[in-house]
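The exercises below concern a single chain and are meant to be worked through with the coordinates open. Each one sets a task and is followed by a solution in steps.

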Amino acid sequence: MKKTLKSLCLLLPIFLSLFLISCGKNNNSTKNSVTDENLKIHYIDVGQGDSELIQVNGKNILIDAGTSDKRSLEYLKSIGITRLDYVIATHPHEDHIGSMDDVIINYDIGDFYAPKVTTTTKTYENMINALKSKSLKINVPKVGEKINIGNLVLTFLAPNSSKYDDLNNYSIVIKLEYGKTSFVFMGDAEGVSENEILAKQLDIQADVLKVGHHGSHSSTTQAFIDKVNPKYAVISCEKGNDYGHPHKETIDKLNNKNIKVFRTDMQGTIIATSNGENITFNVEPVDKKINVPGNELNKASSK
Ligand SMILES: [Zn+2]
């Protein structure tokens, strides 16, 4: 009996060390991948507007806050968000910063980014007052500036000029890289801004394109979509919107390139997950046959 106990005592460290070696091996094999900590992007259904939440390494980044109907705030609350480490207001239109004052007031916020442009609207004033009440400053990002969060790299790619005729072109454009996967967020940047990005030869290639300006024909030029060359595209707009978004020109370009399209007007909130190697979505892409422009979708649904 004593002998068995003795040999057990001798064997135990061997077992333990084998166990530890095998654990160590696992750690080594995952060292260069990011499979254990996924990136999650919520393209929040805020009707005719824009709002995206990015979650990585326990940090939250919010791009835009939709219209003033507080849908983005309600979504953030519904999934238990308690802090927003970075908030980016792409440009001061109501469909992007409408609920921004509510978000600022309700959340603990790290850094706040917006382009260097002001408007005289009540919505903009509300956002500025909310920022003041929380003693938050506006950071104006420079093109090429990066934010690093663990394995995630966020790069600012626009605006590239200081003056534009259209407020949309002041939109902050962002590229996210997570392992081998990449995502571009356009705000409402139009052809003018896209051409500047192309002329500067900025790295705009991405797996997922959040289509500029809700799929309007004023954005997504052929040269630009060719350069981004995405596998997937996400369009944020409302079913039955007054603008007819997304426009036929944009839908045709996406369909012709066989890009898999997701739409908040047809599918609600779209959630993309990346493990650094592959991207998966919470829903299937819209069937090409029914991926029709906004005005045709309205006709079909009113029948
Ligand atoms: Zn917009």
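**Exercise 1.** In this predicted model, determine which residues of helix 8 (residues 248-256) are buried, and establish how they are arranged around the helix axis.

*Solution.* Counting the C-beta atoms within 10 Å of each residue's own, and taking 20 or more as the mark of burial, one finds that Thr250, Ile251, Lys253 and Leu254 are buried in helix 8. Viewed down the axis of helix 8, these buried residues fall within an arc of 160 degrees, so they line one face of the helix. The next step is to ask what this set of residues packs against, and the partners of the buried residues are helix 7 (222-228), strand 12 (232-235) and strand 13 (260-263). Finally, following the backbone just past the end of helix 8, one meets Asn258, which takes a positive phi of about 55 degrees.

**Exercise 2.** Describe the largest nonpolar core of the chain, and trace the contacts that Val208 makes beyond its neighbours within four places in sequence.

*Solution.* The largest nonpolar core has 66 residues, and among those with the most contacts inside it are Leu62, Val173, Val208 and Val234. Strand 8 (residues 152-158) gives the most to this core, contributing 5 residues. Turning to Val208, and leaving aside neighbours within four places in sequence, one finds contacts with Phe183, Pro230, Tyr232, Val234, Ala272 and Ile279.

**Exercise 3.** State what share of the chain is buried, and what share of its contacts with a separation of 6 or more joins residues 24 or more positions apart.

*Solution.* Of the 303 residues in the chain, 45% are buried. Among the contacts with a separation of 6 or more, 67% are between residues 24 or more positions apart, in a chain that has 10 helices and 15 strands.

Notes: Residues are numbered from 1 along each chain as its sequence is written. This is a predicted model: local features need pLDDT of at least 70, side-chain atom pairs count only at pLDDT 80 or more; totals for chains, interfaces and linings use all residues. A nonpolar core is a set of buried Ala, Val, Leu, Ile, Met, Phe, Trp, Tyr and Cys residues joined through C-beta atoms within 7 Å. A residue is buried if 20 or more other C-beta atoms lie within 10 Å of its own, exposed if 12 or fewer, and partly exposed in between; C-beta atoms are placed from the backbone. Helices (H or I, at least four residues) and strands (E, at least two) are DSSP runs, numbered from the N terminus. Two residues are in contact if their C-beta atoms, placed from the backbone, lie within 7 Å. The arc is that of the directions from the helix axis to the C-beta atoms.
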